[in-house]
Amino acid sequence: MNKKINKILRKKYKSKIVSLTAYSKKIAQILDKHCDIILVGDSMANVLYGNDNTHNLTLETIISHSLSVKKGIKNSLFVVDMPKGTYENIQVAKKNAKLIVKKTGCDAVKIESNKKNYNIIKGLVTSNIPVMGHIGYTPQFKKKFQVEGDTKKKIEKLIKEALLIQKAGAFSIVLECIAPAASQLITKILKIPTIGIGSSNNCDGQILVTDDMLGLSGFYPKFVKKYASLDRVIEKAVKKYTRDVKLKKFPAKKNFLNGTKLRKKN
Ligand code: KIV
């Protein structure tokens with residue numbers, strides 16, 4: 001098995017698994033120093049492309065961003081989301097997952113559960129493509145953004161779903177918007193690591209959409225902690241630039257190219 005995946009599996013009973021999303025090289029480079037897992041999430045449909053949902057993201061788009069992310073990754077496990085409609089049956093799923101792996105060099109793909117696609121996970125795993133599962137609120141299949149697993153019956157259903165995904169061969173599973181008691185039980189019962197988003201600290205690891213935690217997406221549900229407000233930082237810089245251009249303070253003499261060499265500035 002892939003060494004990086006083994007490392008993630010071993011963390012289950014030892015230390016928390018740190019994960020974030022990336023859609024470009026520069027962000028991936030920064031995350032790579034700190035994260036165990038970097039996911040090229042289909043959340044880019046909302047965050048980058050301004051869509052209301054993730055449904056129309058194409059394979060080409062996610063591959064293109066993954067190629068950029070790949071350039072920034074040295075150490076982290078590199079996972080790519082399979083967009084909606086790209087894994088409808090085993091043949092289609094295998095063809096598209098193989099294409100993703102071949103073109104991007106990712107370590108694994110992520111598939112959202114619709115409570116029926118266990119055979120697709122199994123098909124990919126038997127073709128040597130590692131799969132991360134995803135249960136709870138699954139934006140590709142569920143219309144309502146709500147807490148999952150908040151009744152006894154719903155908890156039982158989630159446990160069954162998680163166990164079937166584990167049995168199909170997934171190496172880990174994202175728990176999205178799952179009530180704390182349910183995420184605690186699922187994490188305890190499963191042998192594979194659980195990665196939570198909006199699912200309390202009972203999971204083996206955590207993931208957030210990087211743009212949300214940096215204050216860049218405009219989407220801040222209760223489970224998101226804003227670690228920075230980059231929107232304000234950017235606005236401040238843009239205001240300064242605007243003022244400088246209007247007052248002819250920029251470009252200043254030091255920015256002129258009077259026959260001097262074009263030197264690269266960081
Ligand atoms: O697309 C995404 O960003 C996700 C989340 C779980 C982080 O799937």
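Here's a quick tour of the barrel, the helices around it and the ligand site. Keep in mind that this is a predicted model. At its heart, eight strands form a closed barrel with parallel pairing, in the order 1-2-3-4-5-6-7-8. A ligand sits among eleven residues that we'll go through below, including Asp42, Asp81 and Glu176.

**The barrel**
- Going from one strand to the next, the twist averages 25°.
- Strand 1 (residues 17-21) and strand 8 (residues 205-208) run parallel and are joined by four bridges.
- One pairing to look for is serine 19, whose bridge partner in strand 8 is isoleucine 207.

**The ligand shell**
- Around the ligand you'll find Thr21, Leu39, Gly41, Asp42, Ser43, Asp81, Val174, Glu176, Ile197, Ile207 and Val209.
- By class, that shell splits into five nonpolar, three polar and three charged residues.
- Ile207 turns up twice here: it belongs to the ligand's surroundings, and it is the bridge partner of serine 19.

**Helix 4 against the strands**
- Helix 4 (residues 59-70) lies across strand 2 (37-40) and strand 3 (77-81).
- Relative to strand 2, helix 4 runs at about 150°.

**Helix 6 with helix 7**
- The axes of helix 6 (residues 118-126) and helix 7 (residues 152-168) come within 8 Å and cross at roughly 25°.
- That angle is under 35 degrees, so the two helices count as roughly parallel to each other.
- Helix 6 makes a right-handed crossing as it passes helix 7.
- Tyr118, Ile121, Lys122 and Val125 of helix 6 meet Leu164, Ile165 and Ala168 of helix 7.
- This contact has six nonpolar residues, one charged and no polar ones.

Technical notes
Residues numbered from 1 in each chain as written. Predicted model: local features only at pLDDT ≥ 70, side-chain atom pairs only at ≥ 80, totals over all residues. Near = placed C-beta within 6 Å. Nonpolar A, V, L, I, M, F, W, Y, C, P; charged D, E, K, R; others polar. Pairing = 2+ DSSP bridges. Axes fitted to C-alpha atoms, helices over the stretch in contact; angles between N-to-C directions. Contact = placed C-beta atoms within 7 Å. Parallel < 35°, antiparallel > 145°, perpendicular 65-115°, else oblique. Left-handed = near helix turned anticlockwise from the far one by under 90°.
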